[in-house]
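Grab a coffee and work through these exercises with the model open beside you. Each task is followed by a solution in steps.

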Amino acid sequence: MEIVVPMACGVIGAWLGGIGVSGHILFALLAANLLDYATGVFAAAKHNKISSAVGLRGIYKKLGIWAGVLVAFIADYILHYGGASIGITVTNGALLTPTVTLWFVANELISVLENLAKAGVRLPGFLLRALEGAVGNIEPMGKDEKKGK
C-alpha cells in the first residue's frame with residue numbers, strides 16, 4: 001500500500017504536466033475534490049454523523065469525476081489526432097477536457113458551500129448563485145446530461 005500513493009501521485013503529475021493549459025484546471029479540480037471531501041467530513045462531524053460508508057461513497061464519487069475527465073481527455077485526443085488522420089483539422093487539441101473539468105469544478109465548489117452551510121458557516125448568497133450560474137452556462141452545451149445515482 002505504501003507504494004500506491006507515490007505511484008498514483010507520479011502518474012497524475014506526469015499526466016498533468018503533459019497536457020499543458022488544462023493542467024491548471026485539473027489542479028483546481030483536485031483542490032476542489034479535496035476541499036469538498038474535507039468540508040463533508042467537517043459537516044458530518046458537526047452533526048455527529050461521521051460514517052465510513054458515506055466517506056467511501058464520496059471517494060468513489062471523486063474517482064467517477066476523474067473518470068469523466070479522462071473520458072473527455074481521450075475524446076479530445078481522438079478528435080485532434082484521429083481527425084487529422086482523416087483530413088479533419090481541429091485547431092484546439094483540448095476542447096472537451098477543459099469544459100468538462102470546469103463543470104466538475106463548479107459542482108464541487110457548490111458542494112463545498114453546501115457542506116459549509118450544513119456545518120453552520122454563514123455564506124454570502126451571491127457566491128452560491130455565481131457558481132450555479134457557471135454550471136447553468138456550461139450545461140446547455142450538452143443537452144442530455146447523464147446523471148449518476
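**Exercise 1: Helix H3**

In H3, the buried residues are Gly55, Gly58, Lys62, Ile65, Trp66, Val69, Ala72, Asp76 and Gly83. Buried means under 20% relative accessible area, exposed over 50%, and partly exposed in between (1.4 Å probe, protein chains only). Before going on, note that this is a predicted model, where local features need pLDDT of at least 70, side-chain atom pairs count only at pLDDT 80 or more, and totals for chains, interfaces and linings use all residues. Residues are numbered from 1 along each chain as its sequence is written, and side-chain values use heavy atoms, with hydrogens and water left out.

Task: Describe the span of H3 and what lies at its ends.

Solution:
1. Helices (H or I, at least four residues) are DSSP runs, numbered from the N terminus.
2. With 34 residues, H3 reaches 48 Å from its first C-alpha to its last, close to the 50 Å expected at 1.5 Å a residue. The expected span is 1.5 Å times one less than the number of residues.
3. Serine 51 caps the N-terminal end of H3, with a side-chain oxygen 3.3 Å from the backbone nitrogen of alanine 53.
4. After H3 comes glycine 87, whose phi is positive, near 90°.

**Exercise 2: A nonpolar surface patch**

Task: Which elements give two or more residues to the nonpolar patch, and is isoleucine 50 buried or exposed?

Solution:
1. The patch on the surface is formed by Tyr37, Val41, Ile50, Leu56, Ile59, Tyr60 and Leu63, with about 670 Å² of accessible area together.
2. Helix H2 (22-46) and helix H3 (52-85) each give two or more of these residues; the largest share, 4 residues, comes from H3.
3. Isoleucine 50 sits in the loop between H2 and H3. Its relative accessible area is 59%, so isoleucine 50 is exposed.

**Exercise 3: An aromatic pair**

Task: How are the planes of tryptophan 103 and phenylalanine 104 arranged?

Solution:
1. The structure holds 1 aromatic pair. Rings of Phe, Tyr and Trp (its six-membered ring) pair if their centres lie within 6.5 Å; planes under 30 degrees apart count as stacked, over 60 as edge-to-face and the rest as tilted.
2. The ring centres of tryptophan 103 and phenylalanine 104 are 5.3 Å apart and the planes stand at 70°, so the pair is edge-to-face.
3. Tryptophan 103 counts as buried because its relative accessibility is 18%; phenylalanine 104, at 15%, also counts as buried.

How values were computed. Patch = residues over 30% accessible without salt bridge, like charges linked within 9 Å, V, L, I, M, F, W, Y side chains within 5 Å. Areas by Shrake-Rupley, 256 points an atom, 1.4 Å probe, with all protein chains shown as cover. Salt bridge = Lys/Arg side-chain N within 4 Å of Asp/Glu carboxyl O. Polar contact = N/O pair within 3.5 Å; in protein donor to acceptor, adjacent residues only side chain to side chain.
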